[in-house]
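Thanks for coming, everyone. Please have the sequence and the 3D view open while I talk.

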Amino acid sequence: MTVYFIILLPSAISWAEEASPYARAAAAYQDRRLDEALSYAEEAVREEPGHVEAHLLLGQLYYLRQDLEKARESWEQALKLAPSRRDVRERLEKLQKEAPLERGLSRNDTAPFVVRFAQDQIGPEREDLRPILQETYRQVGQSFQYFPDYPITVILYPASSFEQVKGISHRVAGLYDGKIRLPIQSGGPVQSGPGDALKAILWHEYTHALVHDLAKGRCPVWLNEGIATLQEARVRPIDLRLARGILDKGKPIPWEQLWKEEYDQGDLELHYAQGYLITQYLVKRFSWPDLVGLLKLLGQGYPIVDALRAQYKEAPVALEKEWLSWLNRQ
Ligand SMILES: [Zn+2]
């Protein structure tokens, strides 16, 4: 599961602004050169204290470094300059929920992961997590041929606190919102549970991180979830009963409707399941490198229809037809 609205996408850069510190900060942020982005963003707010987006981005960079106090200051500054910005307000509200839970956390690093946890709440389980993180980095990275080298924050919560940060849906197992957030059942080793539950969650959320970087935050929800679930399926089987039931009655969601990305909560599961089945088809019929190509086209700003056509050299309508007959053969 990812939280889409909250992952910051820098605003469009005007031609006149192209060489400004803010533009450089935004470009570095999108390429995940986070240290460089931070120093440009600091320069940007020094030079232009009234630049709302610069404060917003600076706050995000502090936020990713887990410097929550400075993140709060930057976002409050942004809100002061633009009091009507709902997105800034929401960011601050989210931070206010997280900050008390994340105060005074200990660190345990497994490069590139920076693992944070409450010493008194998460016990020896965190040591079990180390090899799982390393394996995730290698194995999931292999599919995408992408191995990030910037610090990725992973926050471990006792299951009860996780309830407070996730906030959205009761079905959420883990979360990626620029940081990977994982619930840990206290008491037992992390690997316990059916089918390596924690590992499966981690593979899923880490995939979101890679997809986010490759598509520069422009991957549609159904595809993003489909890809994450496809990686998750390498660890544990996916429950597709609901989707199969609907698909068997011949009622899949037309692709065109998927593009529109208007989901009501009740449809979400079917959207995700169908996203998974489409992604599975694309990878089986074509390949992982093709899928990475598709993500990169999205990252360049292609709408999904054009990206599909350019990558797979077929009209999406034709692909959809082939997908349907593939589905019926399953
Ligand atoms: Zn997900």
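Do β4 and β5 run parallel or antiparallel, and how many bridges join β4 to β5? They run antiparallel, and two bridges join them. Keep in mind that this is a predicted model.

Let's stay with that pair. Find Y176. It stands opposite I180 in β5. Now look at the turn. The hairpin of β4 and β5 has three residues between the strands. In that hairpin, G178 takes a positive phi near 105°.

Now zoom out to the sheet. It is an open sheet of five strands. Read the order across it: β1-β2-β3-β5-β4. The pairing is mixed. Which strands are at the edges? They are β1 and β4, residues 175-176, and each pairs on one side only. A word of background: strands of a sheet pair through backbone hydrogen bonds, either parallel or antiparallel.

Walk inwards. β2 and β3 pair in the parallel sense, over four bridges. Strand β3 covers residues 152-158. Here, F113 has I152 in β3 as its bridge partner. Next door, β3 and β5 are also a parallel pair, with five bridges. For L156, the bridge partner in β5 is L182.

How many of the residues of β5 are buried? Five of its five, across residues 180-184. Turn the strand and look at its two faces. I180, L182 and I184 point one way. R181 and P183 point the other way. Both sets are buried.

Before we leave the sheet, check the loop between β1, residues 106-110, and β2, residues 113-117. P112 lies there. The bond joining A111 and P112 is a cis peptide bond, with omega about 0°. In general, most peptide bonds are trans.

On to the cores. The largest nonpolar core has 56 residues. Those with the most contacts inside it are V154, L156, L182, L295 and L298. You have met L156 and L182 already, as bridge partners. Helix α8 gives the most to this core, with 10 residues. The core draws at least three residues from each of domain 2, residues 106-210, and domain 3, residues 215-329. There is also a second, separate core of 25 residues. It includes A28, L38, V45 and V88. As a general point, nonpolar side chains in soluble globular proteins tend to be buried together.

Let's follow L298 for a moment. Set aside its neighbours within four places in sequence. Then L298 is in contact with A215, R218, C219, I304 and A307.

L298 is one of the buried residues of α13. The others are L291, V292, L294, L295 and L297. The helix has 12 residues. From its first C-alpha to its last, α13 reaches 16 Å, close to the 16 Å expected at 1.5 Å a residue. After α13 comes G301, with a positive phi near 100°.

Carry on to P303, in the loop between α13, residues 288-299, and α14, residues 304-312. Why is P303 exposed? Because there are 12 other C-beta atoms within 10 Å, and the cut-off for exposed is 12 or fewer. Now find W259. P303 and W259 are 44 residues apart in sequence. In space, they are 9.2 Å apart, C-alpha to C-alpha.

Back to the start of the chain view, and helix α1. How many of its 10 residues are buried? Seven, so the helix, residues 21-30, is mostly covered. The buried ones are P21, Y22, R24, A25, A26, A28 and Y29. What covers them includes α2, residues 34-47, and α3, residues 52-64. One of the buried seven, A28, also belongs to the second core.

Last stop: two backbone oddities. Most residues other than glycine have a negative phi. R32 has a positive phi of about 60° although it is not a glycine. Its place is the loop between α1 and α2. R32 is partly exposed, because 17 other C-beta atoms lie within 10 Å.

K216 is the other one. Its phi is positive too, about 50°, and it is not a glycine. Look for K216 in the loop between α8, residues 197-214, and α9, residues 221-232. K216 is partly exposed, with 19 other C-beta atoms within 10 Å. Buried would need 20 or more.

Technical notes. Residues numbered from 1 in each chain as written. Predicted model: local features only at pLDDT ≥ 70, side-chain atom pairs only at ≥ 80, totals over all residues. Contact = placed C-beta atoms within 7 Å. Core = buried A, V, L, I, M, F, W, Y, C linked by C-beta atoms within 7 Å. Domains from an automatic or database assignment. Expected span 1.5 Å × (residues − 1). Pairing = 2+ DSSP bridges.
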